[in-house]
Amino acid sequence: MTPISLLLVTAVVVFSLGAASLVQRRNPMSLLMGAELMLSASILVLVASSRVHGTASSQAAALLALVLGAAEAVIGLALALAVFRNRARVDLDDASEVRR
Amino acid sequence: MTGLVGWAWALPLPFIVLGILGLPRRGGAVSFLGPLGVFALALVGLSQLGETSLAGPAVPDVRIDGFLPFLPDGAFVTHPDGLAVSMLAVVGLVSTCIYLYALGYMEQDENRHRFFAFLDVFVASMCLLVLAGNITTLLIGWAGVGLASFLLISFWWERPGTLSAGAEALAANAIGDAALLLAIVALPAGIYSFDDLAIAARQGSLVQHNLIAFLLIVAAFAKSAQGPLYFWLPSAMAGPTPVSALLHSATMVAAGVYLGVRVSPVLAVSPEVSRMVLWVGLFTMLFGGVMSLRQDNLKKGLAFSSVSQLGMMFVALGIGAPFAAFFHLVTHAAFKALLFTSAGGVIHGLHGEERISHMGGLRKALPGPHLLFLIGALSLIGLPIVTAGAASKDLILESALHHDRWLGIVMIAAAGLTGAYAGRLYFATFYGSRGHGSHGDGDHAVHAPSGWLVWPLVPLALGALGFGFLEVPGGLLSRALAGVVDAPAASSLGTGVVTSLGLIAGAIGLAGFFAGRLLVPSKSTPSPAARPAWVQALVDVFDFLAEQTLAFHTGRTSQYLLATLVTTALAVGFVLTRA
Amino acid sequence: MSSLVYSPALQSILVLVGGMLVLLAGVPFFGTRRTAVSIVGLLIAFASLVPAQSAEGLELVAILGVSLTLMIGAALNLELELDEHQPQYLESMVLPLIAGVGVLTMAIANNLFELAMGLETLSLASAVWFGLGRGERALEAGFKYFLLGAATFGLFLFGTALIHLGTGSFAFPNIPTAPDARLLVLAGLALVAAAVAFKLALAPLHFGALDGYTAAPPGAAGVVMALSKLGAVFALTHIVMGGGSAGFSRVWTGLALVSIWVGVLGSLVQTDLRRLLAYSAVGHAGFLALAFACGRSGVHAGLYYAVNYVVAVLIGFAAISGKGAQAIRFEDLKRMELSPLRAAAFALSLMSLAGIPPLPGFWAKLAVLGVSYSTLGLEVTALAALGGVVGVVYYLRPLPDLFAKIRHGRAELQPITRLVLVVALVIFATFALRPALAWQITDLARAAAVVQR
């Protein structure tokens with residue numbers, strides 16, 4: 001296995017872990033971590049791609065993606081805090097008033 | 001002046017604006033000018049039809065090219081040919097009478113402005129439908145009359161059942177609209193108008209003509225309440241009586257037949273579809289007659305009669321006699337509108353009572369409606385010589401006999417059925433004694449109709465008696481329609497007003513009429529449910545599916561995430577396995 | 001020089017500067033004059049939205065669509081502020097501006113990564129705006145929308161990265177022929193398309209948007225609905241014109257039909273007015289997806305559909321979101337006694353969404369069905385057409401209630417909102433009576449998108 005395919009496989013595994021935690025977890029914090037994990041996997045691929053093609057564009061994109069991820073985390077934490085502030089238990093599916 | 005004929009559909013529009021502004025103070029008092037103008041323009045068009053000048057035909061098209069640039073057939077065209085102008089005259093005449101009638105009928109209603117505005121929407125859309133030169137333009141009017149029909153059926157929206165009746169009409173119409181939409185997109189390039197369609201069909205160069213004919217006929221079935229799609233028309237009687245008279249018997253439901261006549265060249269080259277039209281029409285004709293015999297509600301009885309008569313027109317279309325179908329459409333518009341409006345006079349006199357078991361003996365109390373109803377009923381059963389219904393029905397029977405002996409015999413026998421339900425409704429309403437369901441003492445409870453409920457109907461009565469002469473002596477109608485829909489060869493018509501066939505059918509009808517007296521219900525029986533089982537089943541299925549769809553939306557974010565990610569995974573998998 | 005002044009990026013920056021000014025109005029120094037100061041900021045933002053003469057194609061469509069959307073959103077917010085002091089007035093003024101900038105970015109994007117930035121800007125601003133509404137429901141809807149948005153953004157970014165790995169650039173990809181690169185690009189495109197489907201509210205990725213539109217604050221739902229449809233359509237235009245649609249068009253045809261029918265079935269027994277419009281967004285997403293599933297030949301019809309949809313949906317939400325008339329259920333329509341202008345606007349909007357000729361919604365449906373018949377065949381088109389017309393039944397159900405109680409004087413809009421509503425209605429009427437005009441505007445977009453390649 002070439003290093004690049006190794007990187008790719010790692011990225012796919014990390015990505016799947018992130019997606020799995022989105023499906024599996026009920027705690028909003030774990031969900032946010034899952035989403036961040038998916039972003040990290042993408043960043044890994046971007047860096048790998050820069051190695052393959054020898055371009056700087058994907059490295060720049062990786063940095064920008066970090067910033068986007070940070071912005072996302074800030075807003076996500078704020079929203080999660082606001083939603084679950086008044087609840088004793090922190091379970092995602094307790095907030096399911098809007099339905100049907 | 002003749003250039004305006006193609007714009008006739010715009011005439012009712014100013015009155016919609018007036019209605020929105022709440023003018024004039026007596027709602028709708030001037031609205032009749034719209035349909036009257038339509039009628040006048042139609043007469044102008046009729047008088048100019050044959051003549052052509054150097055500049056082209058005397059009654060020019062209105063044409064806006066590139067109106068819908070994304071369609072091959074994307075022009076906005078109104079094409080006032082003989083067929084369109086004749087139909088326009090019918091629509092103009094009947095609606096003028098009914099506007100005046102509605103002024104009396106809706107006098108007490110505080111929402112008159114809205115009522116007349118909706119009627120104006122209807123007349124404008126109907127005129128556009130009639131004048132349309134291609135399917136796209138037709139579809140605008142087609143959907144417009146469907147919308148107006150819904151709004152008018154649900155006009156008394158606070159009464160139970162009106163909204164669901166309106167929804168039924170919308171649902172049935174939706175099937176037709178979908179078929180028409182598909183027909184538009186399925187039309188091959190190069191077919192820019194109905195004329196092109198007819199030419200292509202006659203030359204045999206129309207690709208997919210079976211598909212196109214089928215789609216168009218499904219649309220016609222939905223609009224004209226044929227076959228399995230009949231169910232919405234009886235329910236539509238929940239609307240005010242002028243609406244039942246104008247939309248749901250005389251003009252709108254006839255739009256399906258009109259479309260069938262328009263595209264009869266395509267039917268002619270699609271024998272399978274024609275056969276389907278014949279059988280569905282025949283079945284509907286008999287079924288409507290039998291169902292009418294079982295109704296306790298006067299308006300629903302008449303509604304099933306419309307279903308049956310429209311079925312007869314479709315039989316004529318199916319056997320390739322579009323001229324006869326159109327002729328019957330014209331006379332039917334007159335006598336059925338007359339029947340409904342005079343029945344409305346009775347209902348108005350009885351303070352909204354619609355059950356015939358609660359009527360009876362009204363010929364003294366309501367002489368005007370009585371006489372008018374009788375004229376309409378006699379025209380419906382086709383009393384020879386003196387009524388218009390006889391002339392047009394005669395033509396259909398004759399074509400049916402030519403087509404197939406047994407078909408003709410069945411249809412002649414069906415004249416007895418027509419007579420029976422007409423007689424049953426007539427005798428139950430005007431003879432005998434008031435049913436025991438009636439409260440109040442005799443004629444005191446009946447208030448005499450105002451002149452508005454009688455005099456505007458006189459033109460309709462004259463039409464119900466005299467429209468037969470449109471064809472028989474000079475062939476006025478066949479001359480107007482020449483080149484669009486050709487009348488059958490002169491030999492079969494030459495016998496004049498009295499044909500032996502007509503006499504036989506008339507006699508059978510009259511016998512049925514008097515036999516109908518025996519069928520008068522003695523006590524109030526609940527009418528059988530108008531909604532057929534298959535429609536109910538379909539409604540249940542849709543309700544079930546809707547409930548399941550809603551149950552899927554649990555509000556739980558974990559399930560939403562699962563659905564999102566699983567769908568994505570499946571999509572990626574699908575794409576990769578097919579790569 | 002002129003290229004610097006009129007560069008689209010500068011335009012976006014100026015809009016944001018205006019937005020910052022609006023936020024500044026909140027400092028205690030301004031006190032009760034915050035409304036006036038915020039309006040100055042808004043005016044700056046809108047002034048910078050005036051399209052440059054050189055603007056054409058997708059950029060022009062985006063600027064026109066976004067300006068109209070933002071104007072209606074601003075008017076509705078201002079109306080609530082003038083009616084009663086809204087605690088979160090300034091935030092709800094700025095968030096739509098940010099979301100609008102996101103959509104503009106998506107329209108003028110030159111590559112997938114710029115698209116991702118625009119997408120994320122739009123998502124985050126919308127989620128926060130949803131959360132600003134009163135009560136737990138709005139917060140919950142905002143959080144759901146955020147989470148699903150974050151998940152789909154992860155998909156988008158991963159897809160973009162895979163495509164870069166396959167092609168070595170962020171340009172909107174063609175499907176390559178080399179087997180390794182081909183697999184990477186196809187997988188990447190499927191992921192990117194899934195994220196766009198979320199923005200479009202395409203079933204079964206519609207849940208977040210559906211709940212968001214239902215529980216969002218009054219002015220927000222319609223505006224976000226319009227902005228995200230526009231954004232998604234611009235993204236799709238880029239991707240499809242780039243030649244990437246072959247990767248997902250078969251999947252999308254299926255999803256489009258599912259979406260149309262979910263929209264129909266969900267609305268069928270609905271008595272909640274906002275929920276009805278939310279489900280209609282799902283159904284319309286199906287028609288948009290159907291257009292883009294047709295590949296390049298469907299792009300024009302898709303853009304045309306989106307423009308007509310946006311105008312209709314904005315008018316509808318504006319009519320029922322203003323002062324004294326926050327309709328929730330059908331019965332509320334009776335109680336509200338809408339003014340004639342609002343009743344007419346709402347009725348026209350519903351009829352256009354239902355697809356009744358001669359309203360723009362119908363022309364758009366016709367355009368999509370036409371291209372779908374010639375590309376995807378009779379069966380798909382028939383299923384879509386049937387779903388489209390069955391919709392008529394539920395869209396028109398509120399109409400009798402609506403017409404029943406129209407009174408002057410009650411539930412009247414502020415003059416500013418009335419003005420904006422009338423402007424929108426004029427555009428609507430133009431699109432209804434001159435369908436060729438909207439068709440030409442969206443055609444420019446196609447021409448420009450081709451030139452960019």
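This briefing covers chains B and C of a predicted model, their contacts and the nonpolar core. The predictor gives the complex an ipTM of 0.95 and a pTM of 0.91. Chain B contributes 49 residues to its contact with chain C, and chain C contributes 56. The largest nonpolar core holds 447 residues.

**Confidence**

- Chain C has a mean pLDDT of 87. In that chain, 92% of residues reach 70 or more.
- Helix α6 (residues 112-131) of chain C has the highest mean pLDDT among the elements of that chain, at 94.
- Helix α1 (residues 2-5) of chain C has the lowest, at 48.

**Chain B: overall build**

- Chain B has 24 helices and 4 strands.
- Its radius of gyration is 24 Å, and the globule rule gives 25 Å for 579 residues, so chain B is as compact as a globular protein of that length.
- The C-alpha trace of chain B spans about 85 × 65 × 55 Å along its principal axes.
- Of the 579 residues in chain B, 62% are buried.
- Take the contacts in chain B with a separation of 6 or more: 82% of them join residues 24 or more positions apart.

**Chain C: overall build**

- Chain C has 20 helices and 0 strands.
- A compact globule of 453 residues would have a radius of gyration near 22 Å; the value for chain C is 21 Å, which agrees.
- The C-alpha atoms of chain C fill a box of roughly 65 × 50 × 40 Å along the principal axes.
- Buried residues account for 67% of the 453 residues in chain C.
- Among contacts in chain C with a separation of 6 or more, 77% are between residues 24 or more positions apart.

**Where chain B touches chain C**

- The contact involves 49 residues of chain B and 56 residues of chain C.
- On the chain B side, the elements giving two or more residues are α5 (135-153), α6 (162-186), α23 (533-552) and α24 (557-578).
- Of these, α24(B) gives the most, with 13 residues.
- By class, this side of chain B has 37 nonpolar, 9 polar and 3 charged residues.

**Where chain B touches chain A**

- Here 10 residues of chain B are in contact with 11 residues of chain A.
- α24(B) again appears, giving the largest share of the chain B side, 5 residues.
- This side of chain B divides into 4 nonpolar, 5 polar and 1 charged residues.

**Helix α6(B)**

- α6(B) is one of the elements on the side of chain B that touches chain C.
- The helix has 25 residues. From first C-alpha to last, α6(B) reaches 36 Å, close to the 36 Å expected at 1.5 Å a residue.
- The helix is mostly covered, with 22 of its 25 residues buried.

**The nonpolar core**

- In the largest core, of 447 residues, B:L88 and B:C127 have the most contacts inside it.
- Helix α7 (residues 135-167) of chain C gives the most to this core, with 19 residues.
- Beyond its neighbours within four places in sequence, B:L88 is in contact with B:A8, B:V38, B:A42, B:C127, B:V130 and B:L131.
- B:C127 is thus listed twice: as a contact of B:L88, and with B:L88 as a residue with the most contacts inside the core.

Notes
Residues are numbered from 1 along each chain as its sequence is written. Chains are lettered from A and ligands numbered from 1 in the order in which they are written. This is a predicted model: local features need pLDDT of at least 70, side-chain atom pairs count only at pLDDT 80 or more; totals for chains, interfaces and linings use all residues. Two residues are in contact if their C-beta atoms, placed from the backbone, lie within 7 Å. Ala, Val, Leu, Ile, Met, Phe, Trp, Tyr, Cys and Pro count as nonpolar, Asp, Glu, Lys and Arg as charged, and the others, Gly among them, as polar. The expected span of a helix is 1.5 Å times one less than its number of residues. A residue is buried if 20 or more other C-beta atoms lie within 10 Å of its own, exposed if 12 or fewer, and partly exposed in between; C-beta atoms are placed from the backbone. pLDDT is the predictor's confidence in each residue, from 0 to 100. A nonpolar core is a set of buried Ala, Val, Leu, Ile, Met, Phe, Trp, Tyr and Cys residues joined through C-beta atoms within 7 Å. The radius of gyration is taken over C-alpha atoms; the globule rule is 2.2 Å times the number of residues to the power 0.38.
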